[in-house]
Structure formats: structure tokens, C-alpha cells
Amino acid sequence: MKISVIGNGYVGLATAVGLAGNGHQVVCIDNDPAKVDLINRGRSPIYEKGLEDCVSSCVGNGTLKASKDYKDVADTDITFICVGTYSPSCNGTDFTQIKSAARGVGGVLSKKKGYHVIAVKSTVAPGTTEKVIIPTLEKASGKKAGKGFGVVVNPEFLEEGKSVDCVRNPYRIIIGEYDKRSGEAVESLYRDFPVPIVRTTIAAAEMIKYASNAFLAAKISFINEIGNICKKLGIDVYDVAGAMGYDPRIGRRFLNAGAGFGGSCLPKDIEELVDTAGRAGYEAGILRAILDMNREQPQRLAEMAESAVGDLQGKTVAVLGLSFKPGTDDVRDAPSLKVIASLLEKGASVRAYDPVAVDNARMVLPKSVKFCASAAQAVKGADCVIVVTEWDEFKVESLYNGKVVIDGRRVLDPRRAGKFCDYHGICW
Ligand code: NAD
């Protein structure tokens, strides 16, 4: 099939290489000319493990190309909308990119003769596709959904840091369909995947994505709360989580107590779900508590540093890890940003290091933060070291010899760490 993918970020580019790798002809459309140029040269504009190799081989064998021009949509059968819905200045979802993408695709459909399906992969709150995206497509195309074109919501569940692998091996595929014809067209793309394919309504598909993200976030905030209690009682929360996880009703994943969740999805999606519930007349207390817990958790690292070394005014603190998780350069809503803001407010000088996220972090952090070329350089001479992201290279004990270490991610074994450093774990 011929496919167009609008928006070539973490979701769009991983989706595009996944589809191209399955033998489809894919054109990636992005309004950022620098990204388009990089992709056409076989390079990835973002860091995700394995992504650049896939881009390079798909561009090389002619199954993938990038374009700035929405006109290229006309020559395809299905368009995936994968533009961003995150904005740092917006608490919940930002619809600017989605509306502009729908206008762009609709404009092309106004001149296209054959049938075309639009698959919304961007995460949008229940009701958005029917109330915002379809009317925008209809207005721009002069056609009616179900007659001139088909629509599905096909939410993406990938984990950043493993996006290529997740797109190739999803746990399930959700297709919220406007009508049977649209659903069938998109299901045909996924037929060879040995996983459940759920065909449902558009609004249910939107809700499945939100509910899934809220559940994962709830697991994290829950275990962080248990961890905070365990620390006060002298119990190791990792022993507790490990034993809880043997129960298949609970599961071990997302029970790593630590500095909390970040990224462009979980915080934004839960905020949006709280607002959606509020507009429908329901106060979502559990969802609010997940967010409150997550706002406070990273602050604990700065407070622990203060307790360990005294007043932070004039002290130097090394922050290891800036991306919101390992394996990606994404710093959107990363706990590191909150930790650093808190350290600066307390008068500390911050020296930061991350293996891949420094360029992105530089764009959002204050000029006073000094970026280092290696973890060793950041740690050298620092009064205190705070680990915020669990990159493998931070798991080396010799890095921390003689240092005060605040571990937000359990990179060190707390049973050994006391032998070579002054060790403090966030929840253990
Ligand atoms: P992103 O910000 O990394 O990428 C968005 C891309 O769209 C950018 O390359 C941008 O230049 C491009 N763009 C913006 N407006 C455009 C327009 N009008 N026309 C063409 N291109 C345009 O976003 P992302 O992280 O890939 O997320 C995309 C969507 O998928 C969001 O709704 C997000 O919530 C959802 N999602 C993200 C993840 C994730 O882990 N990042 C996982 C699942 C779902």
C-alpha cells in the first residue's frame, strides 16, 4: 500500500520505518525542512535506539522518502496523522498541530478522486476526532466523512527509548472506526501482526489510550508512595515490588520506585483526562492524586541533597541524566528539569551530563547550568551527585568514589554503595 505519515517525531518516524519495513511505500511529511532533509539523507532527526539504521536502510531501498509538501498525500491510500499534541505552555493537550495537519490533508483530499483513509495516531481526548478533526477535514475537503473519505483512530502505545521495537512488536492494535470500510482498510495493514486487533468506536479508541496511560502512571505514583513509606520504615521497596510483581494480576513492570515519570505523554494525557472528566461533570480524584504525587517526587531529590550536604547556596551539584528516561534524547517534562529548577532556587551551581539529551536540555534549561562532556567531568569536584535517569553508564561504581550520592533511580546497589560513597536512595 502507499502510505503518508504526517509528523515525523518519535511516533511518526517509528511508524513510518515500521510500515516501510513491512513492504509499504511510505512518504513522511513534516513542516520542519531540516527534518525532511535529514530523513532524505538516511539520517534520523531524533535519537531513538536503532531508528537511524532503519531510516537509512528504508531510504536506501526506496521504501521511504520525506517531503514538506502535503500534495504527496494525494498519491497515497492511507494517511497517519502523528503530529504532536504536547506544548510546554499548555497543561493538557495542544490542538494546534492536529488542526493544521487536518486542514493540510483535507485541502489535498478536495482535489483527490479516489477513496482515502485518515488514521489518527496522535493522542487526543475522547470526543476530539468527532468534534474537531472530522469537521476540520470535512471543511477543508468539501467532502463528508464516510462518503468522500474514511477515518479511524489508531492510538500508538510505543515506549520512547524502544520505539522501533515497540512498533514492530505491539501488544495490541486498536482501531476506532468511523465506519466498517475505514476500519477494514487500516486492519489490512496489521493483518500479519500476531496480536489482538480490537475494532471499536472512535471515542472508545481515544479513551483506551488515555486509560492505558493513566493506569501506567498510577502504577508509578503508587509504588513511589509505597517507596516513600518504606524508606521511613527501613524496608527495601524493591524487595516489596519484586514480590508484588510475581502476582500476574499486578505484574512487575512500572513498579520501579524512583524520581517519577515525565515525557510528553503521561503528564499531559492525565491532565487532559482530568479536564475531560471535569467538563463532563466528574471530579477525577484518583487521577489528580497521581499527578500531585508525581509533581512532588522529583523535588525530594533536591531536598535530600540539602539534608546530606547542608545549605546548597554556593555548593556544586552534579546532575546525571537529563532525558526523561534512558534510550531517548527527549527532555519534555523530564524530572531532571524539576530537580535542576529546585537546585538553582536553593542557590546551587549545577553541572549536568546526559549521553544524548544535552542539546535538547540546553534549549529549555537556564544559561547558568553548565553542561559537561562526561559523567566523570560532571562529578569531579561536585559536593553532591544526583542521579535522575538510569542510563547504563551511570551504573559504574567507580564514578562515585568518596562522593555524596542521591540516587533517584537505583543505579547503584544500596547494599554495596555505602562502602564507597555517602549513599542516599530516594525511596530506599
Ligand atoms: P513530536 O513532537 O516528536 O513530533 C511531532 C512532529 O510533527 C514534529 O516533527 C513536527 O515538526 C511535526 N509537525 C508539527 N506540525 C506539523 C504539521 N502541521 N504538518 C506536518 N508536520 C508537523 O511528537 P511525538 O512525541 O512523536 O508525539 C506525536 C503524538 O503521538 C502525540 O499526540 C503524542 O501524545 C502521541 N504519542 C507519543 C508517544 C511518545 O512516546 N512520544 C507515544 C504514544 C503516543
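Begin by selecting V120, K121, S122, T123, V124, V153, P155, E206, K209 and Y210, the residues that line the largest cavity. The structure on the screen is a predicted model. The volume of this largest cavity is about 40 Å³, and a search of the whole structure finds one cavity of 30 Å³ or more.

Next, colour the cavity lining by residue class. Five of its residues are nonpolar, two are polar and three are charged. Then highlight residues 202-233, which form helix α8. With three residues, helix α8 gives the most to the lining of the largest cavity.

**The ligand**

Keep T123 selected, as T123 belongs to the cavity lining and also serves as a guide to the ligand: one of its backbone N or O atoms lies 2.9 Å from an oxygen atom of the ligand. Now add V11, where a backbone N or O atom lies 2.8 Å from a ligand oxygen atom. Add D30 as well; here a polar side-chain atom lies 2.6 Å from an oxygen atom of the ligand. How much of the ligand's accessible area does the protein cover? The protein covers 92% of the 840 Å² that the ligand has on its own.

Extend the selection to the 29 residues around the ligand, of which D30, Y70, T85, S100 and E160 come nearest. By class, this shell contains 10 nonpolar, 11 polar and eight charged residues.

Which helix supplies the largest share of the shell? Select α4, residues 96-109; α4 contributes three residues, the largest share. Helix α1, residues 10-21, also supplies at least two residues of the shell. Finally, colour domain 1 (2-200) and domain 2 (212-425) separately: each gives at least three residues to the shell around the ligand.

**The second largest pocket**

Keep the domain colours and move to N91, P267, E271, R295 and D333. Among the 15 residues that line the second largest pocket, these lie nearest its centre. Two elements give two or more residues to this lining, namely α10 (266-279) and α11 (285-309). The pocket has a volume of about 260 Å³.

Colouring the pocket lining by class shows six nonpolar, four polar and five charged residues.

Where does the second largest pocket lie with respect to domain 1 and domain 2? Both domain 1 (2-200) and domain 2 (212-425) give residues to its lining, and therefore the pocket lies between them.

Conventions. Residues numbered from 1 in each chain as written. Predicted model: local features only at pLDDT ≥ 70, side-chain atom pairs only at ≥ 80, totals over all residues. Heavy atoms only, no water. 1 Å grid on protein atoms, 1.4 Å probe; cavity = no way out; pocket = protein on both sides within 12 Å on 5 of 7 lines; lining within 4 Å. Points joined across faces, edges and corners; volume = space filled by probe spheres on them. Helix = DSSP H or I, 4+ residues; strand = E, 2+ residues; numbered from the N terminus. Nonpolar A, V, L, I, M, F, W, Y, C, P; charged D, E, K, R; others polar. Domains from an automatic or database assignment. Near = heavy atom within 4 Å. Polar contact = N/O pair within 3.5 Å; in protein donor to acceptor, adjacent residues only side chain to side chain. Areas by Shrake-Rupley, 256 points an atom, 1.4 Å probe, with all protein chains shown as cover.
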